[in-house]
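User: Can you walk me through this model? I'd like to start with the metal and then look at how the domains meet.

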Amino acid sequence: MITRLSSYFVRTLREDPADAELPSHKLLVRAGYIRRVAPGIYSWLPLGLRVLAKVEQIVREEMDAIGAQEVRFPALLPREPYEATGRWTEYGPNLFRLHDRKSGDYLLGPTHEEMFTLMVKDLYSSYKDLPLALYQIQIKYRDEARPRAGLLRGREFIMKDSYSFDIDDAGLAASYQRHRDAYVRIFDRLGLEYVIVQATSGAMGGSASEEFLAVSPNGEDTFVRSPGGYAANVEAVSIAPPQPTDAEGIPAPRAILTPGAATIDTLVDAANQVAPRADRPWRGSDTLKNVAFRLVWPDGRSELLVVGLPGDRDIDLKRLDAAIAPAEATPLTEEDFTANPGLVKGYIGPVALDGDAVLAHLGSEAATGIRYLVDPRVVPGTAWLTGANVADTHLIDVVAGRDFTADGVLDVAEIRDGDPAPDGSGPLSLARGIEMGHIFQLGRKYADALGLKVLDSNGKLVTVTMGSYGVGVSRAVAAVAEATCDDKGLSWPRALAPFDLQIVATGKDEAVFAAAEQLAAELDAAGVAVLLDDRKASPGVKFADAELLGIPTTVIVGRGLTDGLLELRDRATGERSDLPVEGAAARLREIVAG
Ligand code: ATP
Ligand code: MG
């Protein structure tokens with residue numbers, strides 16, 4: 001069937017939507033692919049739906065090819081299974097919760113581990129039934145704090161999620177590898193430039209996990225790479241700690257007066273004035289900065305936490321969030337400081353957190369009992385310039401392991417370009433990406449919580465081990481748009497284009513329109529998906545719209561027709577060339593076949 005623009009349900013817009021920042025978001029709306037309904041919630045128009053269907057098809061084919069079987073669960077789910085795994089609470093405000101008329105609790109599924117686990121438990125009971133892989137392509141709901149960038153971060157979005165079920169660890173490793181290979185094929189076919197990086201598993205639980213990130217300066221994820229092949233989401237980087245050193249010969253801590261030096265720069269200046277070092281000037285990296293937070297868990301529990309790290313580095317809030325999930329960190333309030341006189345704003349130091357001996361020596365109060373975690377660089381034997389928990393005062397020569405002992409390590413300092421890769425594979429470089437897919441070895445977390453066991457070959461009941469694997473299907477539409485668009489509009493790769501070919505008839509000549517119709521009919525009969533611009537609009541409007549819509553090849557039927565010529569335009573390269581009418585359909589079939 002030929003699709004004619006004169007009657008197609010699309011209106012292109014000149015103006016960018018007011019809420020859009022990213023090019024893909026602006027263009028998908030302006031070109032008539034999607035319409036916003038509410039923040040993070042979109043309707044799909046015919047053009048958008050065709051692209052979405054192509055992404056779905058690629059994903060479906062590759063899932064089927066590894067023997068995964070398609071099912072579909074409801075989006076509206078009962079509370080109980082999510083209560084059993086703790087996620088009803090742990091998901092926090094990201095979960096859409098609702099009641100039915102009998103006051104029963106329901107949720108809109110953010111991801112479906114629980115439901116798949118229960119389905120397999122319902123129907124399977126023997127090791128002979130495994131391995132098994134199931135998937136669905138379905139709508140998910142997450143009440144994201146910052147829905148932005150259109151389809152890239154929706155509150156309603158489409159995900160392919162699959163789950164593997166195995167009897168043992170080796171089986172899980174094999175299932176994981178099959179999915180990983182399938183993902184490589186999916187993202188190759190989508191035409192994205194992507195990297196596979198080590199990841200954290202977040203609210204999902206489980207161990208081994210990797211993300212597929214589309215490389216994009218507008219991505220929300222930051223990842224690092226080394227020349228030697230290390231690649232990780234910054235959230236997942238564990239830095240290689242230095243060796244502990246010998247503190248012998250380092251004198252006992254002593255206080256220096258540093259009025260007004262509540263920042264690292266002013267502190268370094270003050271120390272260089274009042275207590276210059278013999279060997280070299282003080283640096284930011286000599287200082288131990290202590291940052292206090294309140295951790296709040298989804299169930300309302302909360303606790304103070306102080307994080308100590310070298311003063312020349314900031315805390316990376318995404319690394320912090322990932323490390324403390326499902327708890328969230330909030331800044332301390334004035335009341336918190338009042339209630340904890342041991343925490344002196346701007347002068348917090350480790351000896352008040354754990355250092356009764358030193359405190360006694362200084363004639364100060366006993367330790368606060370607040371949990372104190374330090375950066376891995378703060379190894380035993382290292383000496384620091386740090387807060388004294390007394391206004392306008394810092395301490396010199398506070399030695400880790402001698403003058404204080406932290407309650408543990410928290411690796412949440414920013415990672416910088418040039419930092420060494422943890423595996424020794426060279427300096428790290430940072431770049432940004434869009435998370436397109438995420439694969440996890442879940443292990444037995446969900447099977448344990450929900451009692452998914454089968455009989456093994458010895459007739460013994462064993463807990464099944466699982467993997468979970470997601471692709472952002474609606475996000476992929478936007479990510480590909482983002483990667484391929486230019487200032488004139490969208491520019492789809494052939495694999496995803498809503499139509500193979502756009503034919504634009506220009507002018508008022510009936511013969512031109514008739515020739516365009518005939519060419520369209522011939523190609524349509526040959527199975528080419530044709531969009532025919534048969535509108536009574538000016539050539540300028542039609543050409544601009546063709547560029548905005550982003551179909552890879554456009555054929556212009558116009559004035560050249562009397563000389564037996566059409567014009568061919570390639571959207572991606574901008575190339576223009578003449579195409580003889582004679583044999584045009586055959587040539588165009590070759591072009592769209594790629
Ligand atoms: P993000 O870190 O971007 O919030 P996530 O790690 O929470 O994503 P997963 O739970 O791993 O996401 O979900 C699997 C896939 O679903 C992601 O890799 C991503 O492609 C997609 N996805 C997740 N959240 C959204 C969203 N709000 N809008 C669109 N796609 C999403
Ligand atoms: Mg993820």
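Analyst: What follows covers the metal site and then the domains; the model is predicted.

User: Which residues coordinate the magnesium ion (ligand 2)?

Analyst: Glu435, through OE, and His438, through ND1, coordinate the magnesium ion (ligand 2). The distances are 2.2 to 2.3 Å.

User: And is His438 buried or exposed?

Analyst: His438 is buried: its relative accessible area is 11%, and the cut-off for buried is under 20%.

User: What about Glu435?

Analyst: Glu435 has 23% relative accessibility, so it counts as partly exposed.

User: OK, switching topic. How is the protein chain divided?

Analyst: Into domain 1 (12-237 + 430-483), domain 2 (254-409) and domain 3 (501-593).

User: What separates the centres of domain 1 and domain 2?

Analyst: Taken over C-alpha atoms, the centres of domain 1 and domain 2 are 39 Å apart.

User: How many residues are in contact there?

Analyst: 9 residues of domain 1 contact 7 residues of domain 2. About 690 Å² is buried between domain 1 and domain 2, with 58% of that area from carbon and sulfur atoms.

User: What classes of residue does domain 1 put on that side?

Analyst: Where domain 1 touches domain 2, it has 4 charged, 3 polar and 2 nonpolar residues.

User: With those charged residues, how many salt bridges cross the interface of domain 1 and domain 2?

Analyst: The rule finds 0 salt bridges across the interface of domain 1 and domain 2. It does find 3 residue pairs in polar contact there, both residues at pLDDT 80 or more.

Methods. Residues are numbered from 1 along each chain as its sequence is written. Chains are lettered from A and ligands numbered from 1 in the order in which they are written. This is a predicted model: local features need pLDDT of at least 70, side-chain atom pairs count only at pLDDT 80 or more; totals for chains, interfaces and linings use all residues. Side-chain values use heavy atoms; hydrogens and water are left out. Donors are N, O and S atoms within 2.8 Å of the metal (3.2 Å for Na, K and Ca); water is not among the atoms, so sites may look incomplete. Buried means under 20% relative accessible area, exposed over 50%, partly exposed in between (1.4 Å probe, protein chains only). Domain bounds come from an automatic or database domain assignment. Contact means heavy atoms within 4.5 Å. Buried area is the accessible area (1.4 Å probe) that two parts lose on being put together, summed over both. A salt bridge is a side-chain nitrogen of Lys or Arg within 4 Å of a carboxyl oxygen of Asp or Glu. A polar contact is a pair of N or O atoms within 3.5 Å; within protein, one must be able to donate a hydrogen and the other to accept it, and residues adjacent in sequence count only if both atoms are side-chain atoms. Ala, Val, Leu, Ile, Met, Phe, Trp, Tyr, Cys and Pro count as nonpolar, Asp, Glu, Lys and Arg as charged, and the others, Gly among them, as polar.
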